[in-house]
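Colleague: I should like to request a close look at one part of this model, with its surroundings described in a connected way.

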Amino acid sequence: MRISDIQRCEVRPGRLVEWTYSPATVAAATALPPDPRPPAYIQESHIRTARSVRDDGLFVPTWIGTAFDLPGRADLDALEEALRGWTLRHETLRSGFRWAGEDMHRFTLDEGDVTLRREVVGDFSDADTLVRYLQDRFDVAADALGWPNLIYAAVVRDDSTSVYLAFDHTNVDAYSLYRIPDEIHELYLAGTTGRSTAGTRVGSYVDFCEQERANADDIDGTHAIVARWREFIGRCGGKLPDFPVDLGVRPGDPLPTQKLLREPLVDADAAAAFEAYCRPYGGSMVGVLAATSLLVHQLGGQPVYRTVVPFHTRVKSAWSDSVGWYVGGAPIEVPTTGDFDGALAAVRAELQANRSLARIPLARVLRLLGADFRPTSPDMYSIVSYTDARLVPGSAHWTEQKAYGLIRVSYGDQVCAWITRLHEGLWFACRYPDTDVAYKNMRRYIEGLRDLVVSVPADRCHRAAEPTFS
């Protein structure tokens, strides 16, 4: 699934229909007692950050979502049932939070209290007008500080129907988005053909939050994981790492607007060759991080590349099909002055040594460190993320379905980059501060990454073909 903003996900004119939680569902939520299961640390951190930035006078939309096509003019009754059935499958989507002073408390609706309200918004003949409407609507309906914080929409045409789902990030991660097109397709086809679907229950992210938080709360400031983070943050100058190139952003500047770069990186053959080259060291994720370490030295001159690597936390099979925000982070430090093979070995060693740190939520660690990490940006740190999405159910059909993972690009002073392995090759997307300097350096980074991915396996083949003499 290609990551994009809504401006570049092939939006086409048609009749717009929306689904939100019904007034009866919202009223039922208002009357609910607290759910004793707490928010995950990552959920709480996200919401507190949104409130902090909002209190500073800036509205920063942070929703994410998915877009995909159904063939022909959709049966809206069947689509509505598919959307409701999918929503009921994932408990986090009917759960939210209320403030009690400075504390957050969860509430969770019973399945029987969840109904959707359908509204025909109207006909749009201009794609740009539709894009602006959808973005503005999703900004309000999927707001981190509101509830409900999700919305579903369809743009209906005679030849196809485009489906859009947008959520506050507390509900979903990238892998959750990847699974949506296939799940909705399955439920929709069952509704239109009369066949039943396999009623496999999935694990609840709300239950996961409770378990993860209990484990995290068992550690204190003397734990080895906390000590490792303390040392890492100290070597980052007392803060979490930026993307170590000039982005044209100075300390104390207002939070800048961001832009999105997204494009194919290499084709399937080049992606496969790069994977084969990197496999002895752990695969393409190691290769991408190794390449990045060399490139940021070329662009910024730093002798060490420090970053936080995102890892999924779906450690039990019960969570594998579950919708939620199953992400932790582990710090790595890689010398930047060697060759590519040396960087591969260094990244592999760092990941092997530090991956276990992702088991404890970073927000818990920061609380134990006692430092003032009051967030002024929606991103705590910069990331370079790699995902192989080819095994996701339905991924072979994403191109014909015009399936996209959507991110809202608004404000931020960090770089967040995602490299995704698709059946067609590697896809690159990143958010970056909207400055001339940042644009030039990110373009240099992309081109350098593309060149390394292609040239490193080719160099090996060239060396292997050279004659040897005795």
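Which residues of the largest nonpolar core touch the most other members?

Modeller: The model is a predicted one. Its largest nonpolar core holds 66 residues, and those that touch the most other members are Trp 19, Leu 79, Trp 86, Tyr 152, Leu 165, Phe 167 and Trp 229. Helix H3, which covers residues 76-89, gives the most to this core, with 7 residues. A second core of 51 residues is separate from it and includes Leu 265, Leu 289, Leu 351 and Cys 430. As a general background, nonpolar side chains in soluble globular proteins tend to be buried together.

Trp 229 may be taken in detail. Leaving aside residues up to four places away in sequence, Trp 229 touches Leu 240, Val 308, Gly 329, Ala 330, Pro 331, Leu 357, Leu 362 and Val 365.

Two other members of that list, Tyr 152 and Phe 167, lead to the sheet. Strand S7 (residues 150-156) and strand S8 (residues 160-167) pair in the antiparallel sense over 7 bridges, and Ile 151 stands opposite Ala 166 in S8. These strands belong to an open sheet of 7 strands with mixed pairing, ordered S1-S13-S3-S8-S7-S2-S6. Its edges are strand S1 (2-4) and strand S6 (116-124), each of which pairs on one side only. From one strand to the next, the twist averages 20°.

The aromatic rings can be treated next. A pair of such rings is described by the distance of the centres and the angle of the planes. The count for this model comes to 19 aromatic pairs. In one of them, Tyr 152 and Phe 167 have ring centres 6.3 Å apart and planes at 65°; the pair is therefore edge-to-face, given that angles over 60 degrees are assigned to that class. Tyr 152 in strand S7 and Phe 167 in strand S8 are 15 residues apart, and the pair thus links distant parts of the chain. Both Tyr 152 and Phe 167 are buried.

Phe 243 and Tyr 445 also form an edge-to-face pair, at 5.4 Å centre to centre and with 80° between the planes. Phe 243 lies in the loop between helix H7 (224-235) and strand S9 (258-267), whereas Tyr 445 lies in helix H12 (residues 436-465), 202 residues apart. Both Phe 243 and Tyr 445 are buried. In addition, Tyr 205, Phe 208, Trp 319 and Tyr 326 form one aromatic cluster.

Helix H2 offers a check on geometry. At 1.5 Å a residue, its 15 residues (41-55) should span 21 Å, and the end C-alpha atoms are 21 Å apart, which agrees. Among the buried residues of H2 are Tyr 41, His 46, Ile 47, Ala 50 and Val 53, together with polar residues including Gln 43 and Glu 44. The buried residues of H2 pack against strand S4 (95-100), strand S5 (103-108), helix H6 (205-217) and helix H11 (362-369). Just after H2, Gly 57 takes a positive phi of about 95°.

A contrast to the buried residues is found at Ser 317, in the loop between strand S10 (304-312) and strand S11 (327-335). Ser 317 is exposed, because its relative accessible area is 68% and the class begins over 50%. The C-alpha atoms of Ser 317 and Val 202 are separated by 9.3 Å, although these residues are 115 residues apart along the chain.

Notes. Residues are numbered from 1 along each chain as its sequence is written. This is a predicted model: local features need pLDDT of at least 70, side-chain atom pairs count only at pLDDT 80 or more; totals for chains, interfaces and linings use all residues. Side-chain values use heavy atoms; hydrogens and water are left out. Helices (H or I, at least four residues) and strands (E, at least two) are DSSP runs, numbered from the N terminus. The expected span of a helix is 1.5 Å times one less than its number of residues. Buried means under 20% relative accessible area, exposed over 50%, partly exposed in between (1.4 Å probe, protein chains only). Contact means heavy atoms within 4.5 Å. A nonpolar core is a set of buried Ala, Val, Leu, Ile, Met, Phe, Trp, Tyr and Cys residues joined through side-chain atoms within 4.5 Å. Two strands pair if DSSP finds at least two bridges between them. Axes are lines fitted to C-alpha atoms, for helices over the stretch in contact, and angles run from 0 to 180 degrees between N-to-C directions. Rings of Phe, Tyr and Trp (its six-membered ring) pair if their centres lie within 6.5 Å; planes under 30 degrees apart count as stacked, over 60 as edge-to-face and the rest as tilted.
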